[in-house]
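I opened this notebook to keep track of what I looked up, one topic at a time. The entries below follow the order in which I went through them.

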Amino acid sequence: RRTWAADDTLDIEWEPALRLIPAGRNSFSAPATLPTAAAALDQATVMYGPLVLMLDPVLNIYALFECGPLEISVPLSSTGSPVLAPVTAPIMGRGALAILAANFMTLARPRGAAASDADVLAFLVPVAELTDRWSFSFTRNVAYEVRNAVRLIDPPAVPAFLADVQARFDAFGQQRQADTATETPER
């Protein structure tokens, strides 16, 4: 019923916490008890506060294009809460992020792959980040997933896991810069 003016702003406050919502539950249910040992969840949604995060393979299309269903790695803190590495720099070629501080990175592998050498850098972004990339074609080869197979990482392994993710992101950024430099003719 409010009449909005050009300079009006709306501030929304919410707890910036990551949550895993296993299949069969919703975000309003009592928190699910997650396994504390390294295990897998068949399907789960990752949420950041009220935002549903989606696996976006297009941001790392060279590694994830036409991979099929993926399994993402989600480290657990000592209290059993999910911990993901935030995206620490703009992703070249992506443009501005619509929702700052709500974009995360982790590792993913094809569902059912046993070897960790199949792990590649993957990005989880709010659904709103993808709205500018929907197309009118229903023949898209890359699936955007909300419910993912999730491999949980035990708390003792979390520091090394997060360091590995950050190193992969740094290398990813350097490669994107190098690719852009070779594709852009000098003037």
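Where in the protein chain is confidence lowest, and where is it highest? Since this is a predicted model, I looked at that before anything else. I found the lowest confidence in helix α1 (residues 61-64), with a mean of 71, and the highest in strand β5 (residues 85-86), at 92. I also noted that over residues 134-143 the pLDDT is below 50, and that this stretch has ten contacts in the model beyond near neighbours in sequence. Where pLDDT is low, the predicted coordinates should not be read in detail, and I kept that caution in mind. For the protein chain I wrote down an average pLDDT of 78, with 74% of the residues scoring at least 70.

Next, the overall layout. I counted three helices and eight strands in the protein chain, and from the N terminus on I read their order as β-β-β-α-β-β-β-β-α-β-α. Of the 187 residues, 36% count as buried, while the accessible surface comes to about 11200 Å², of which 57% belongs to carbon and sulfur atoms. Taking the contacts with a separation of 6 or more, I noted that residues 24 or more positions apart account for 73% of them.

Then strand β3. I found β3 (residues 51-55) mostly covered, with four of its five residues buried. Three bridges join β3 to strand β7 (residues 120-126), and the two run antiparallel; within this pairing, I saw Leu53 standing opposite Pro126 in β7.

I turned to strand β2 (residues 40-48), where Thr45 lies. Is Thr45 buried or exposed? I recorded Thr45 as buried, because its relative accessible area is 7%, under the cut-off of 20%. Leaving aside neighbours within four places in sequence, I listed the contacts of Thr45 as Arg19, Leu20, Ile21, Val52, Val146 and Arg147.

Two charged residues came next. Glu71 lies in strand β4 (residues 70-75), and I noted it as buried because its relative accessibility is 12%. Not counting residues up to four places away in sequence, Glu71 touches eight residues that I wrote out as Leu107, Ala108, Arg109, Pro110, Arg111, Ala149, Val150 and Arg151. I followed this list to Arg109, which is found in strand β6 and is buried, with a relative accessible area of 6%. With the residues up to four places away again left out, Arg109 touches Pro69, Leu70, Glu71, Ala114, Ala115, Ser116, Ala118, Asp119 and Arg151. I also checked Arg109 against Val120: they are eleven residues apart in sequence, and their C-alpha atoms are 6.3 Å apart in space.

Last, I looked at the surface. Which residues form a nonpolar patch there? I found Trp4, Leu10, Ile12 and Trp14, with about 480 Å² of accessible area together. Trp4 lies in the segment before β1 (18-22), and I entered Trp4 as partly exposed because its relative accessible area is 49%, which falls short of the requirement for exposed, over 50%. Pro90, in the loop between β5 and β6 (104-110), I entered as exposed, because its relative accessibility is 72%. Pro90 and Gly173 are 83 residues apart in sequence, and I noted a C-alpha to C-alpha distance of 8.7 Å between them.

How values were computed: Residues numbered from 1 in each chain as written. Predicted model: local features only at pLDDT ≥ 70, side-chain atom pairs only at ≥ 80, totals over all residues. Heavy atoms only, no water. Buried < 20%, exposed > 50% of the residue type's maximum accessible area, 1.4 Å probe, protein only. Pairing = 2+ DSSP bridges. Patch = residues over 30% accessible without salt bridge, like charges linked within 9 Å, V, L, I, M, F, W, Y side chains within 5 Å. Areas by Shrake-Rupley, 256 points an atom, 1.4 Å probe, with all protein chains shown as cover. Salt bridge = Lys/Arg side-chain N within 4 Å of Asp/Glu carboxyl O. pLDDT = per-residue confidence, 0-100. Contact = heavy atoms within 4.5 Å.
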